[in-house]
Amino acid sequence: MSIRLVALVAVTLLASGCVEERVVHDRPVVIEHPVVHREVVEEVVAPEPPPPRLVEVEPPARPGYVWARGYWRWTGREYVAVPGHWEAVRPGYRYVHPHYEHRRDGWHLQVGVWMNG
């Protein structure tokens, strides 16, 4: 092998490990103008109602953020607690907390979303 080929292979192997990964925590935004379609992010159907509202101590207000309350998530076998977290405020929108809706086939989790208005 020529030195150029060996150098090219070495540079390629070194550069292949240089990957930048960004974690994005954006929540879906649903605009009501009328609502024709609501994007479903997570469709969970539980056969039994969730436990009473998850009790957690809401932290003191934080400027520029809203506290997204914790909720119960159905794993397919049981409910597990998902703790609350901070959501950056979106001017012109309001945050709708995660909640369950009862339908004919069971309990459906509606994830937290930002709504226009």
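## Arg94 and its strand

Let's start with Arg94, which you'll find in strand E7, a stretch covering residues 93-96. Is this residue buried, exposed or something in between? Arg94 has a relative accessibility of 39%, so it counts as partly exposed. Pick out Val113 as well: 19 residues separate it from Arg94 along the chain, and their C-alpha atoms sit 8.4 Å apart. Keep in mind that you're looking at a predicted model throughout.

## The overall layout

Stepping back, the protein has one helix and 10 strands. Follow the sequence from start to end and the pattern reads α-β-β-β-β-β-β-β-β-β-β, with the helix coming before the strands.

How much of the chain is tucked away? Of the 117 residues in the protein, 24% are buried. The accessible surface adds up to about 9,000 Å², and carbon and sulfur atoms account for 58% of that. As for who touches whom, take the contacts between residues at least 6 apart in sequence: 53% of them link residues at least 24 apart.

## A three-stranded sheet

One open sheet is built from three strands in the order E2-E9-E8, with antiparallel pairing. Its edges are strand E2 (45-46) and strand E8 (99-103), each of which pairs on one side only. Strand E9 takes in residues 106-110, and two bridges tie it to E2, the two running antiparallel. If you want a spot to check by eye, find Val45: its bridge partner in E9 is His108.

## The E4-E5 hairpin

Strands E4 and E5 also run antiparallel, and four bridges join them. Here Arg73 stands opposite Val80 in E5. The hairpin they form has four residues between the strands, and within this hairpin Gly76 takes a positive phi near 110°.

## The nonpolar core

Which residues make up the largest nonpolar core? There are 10 in all: Ala46, Tyr71, Trp74, Tyr79, Val82, Tyr100, Leu109, Val111, Val113 and Met115. Three elements give two or more residues each: strand E4 (71-74), strand E5 (79-82) and strand E10 (113-116). Val113, which we met alongside Arg94, is one of the core members.

Ala46 is a handy place to see some of this up close. Leaving aside residues up to four places away in sequence, Ala46 touches Trp74, Tyr79, Gly106 and Trp107. Trp74 and Tyr79 belong to the core along with Ala46.

## A single salt bridge

Side chains of opposite charge can pair when their charged atoms come close. How many salt bridges does a search of the whole structure find? Just one turns up. It brings together the side chains of Arg103 and Glu101, at 3.5 Å from N to O.

Are these two buried or exposed? Neither label fits: Arg103 has a relative accessible area of 34%, so it is partly exposed. Glu101 is partly exposed too, because its relative accessible area is 32%.

## How far to trust the picture

The mean pLDDT of the protein is 75, and 62% of its residues reach 70 or more. Residues 32-40 are a stretch to treat with care, as pLDDT stays under 50 there. The model has eight contacts for this stretch beyond four places in sequence. Where pLDDT is low, the predicted coordinates should not be read in detail.

Technical notes. Residues are numbered from 1 along each chain as its sequence is written. This is a predicted model: local features need pLDDT of at least 70, side-chain atom pairs count only at pLDDT 80 or more; totals for chains, interfaces and linings use all residues. Side-chain values use heavy atoms; hydrogens and water are left out. A nonpolar core is a set of buried Ala, Val, Leu, Ile, Met, Phe, Trp, Tyr and Cys residues joined through side-chain atoms within 4.5 Å. Buried means under 20% relative accessible area, exposed over 50%, partly exposed in between (1.4 Å probe, protein chains only). Contact means heavy atoms within 4.5 Å. Accessible areas come from the Shrake-Rupley method with a 1.4 Å probe; for residues, only the protein chains shown count as cover. Two strands pair if DSSP finds at least two bridges between them. A salt bridge is a side-chain nitrogen of Lys or Arg within 4 Å of a carboxyl oxygen of Asp or Glu. pLDDT is the predictor's confidence in each residue, from 0 to 100.
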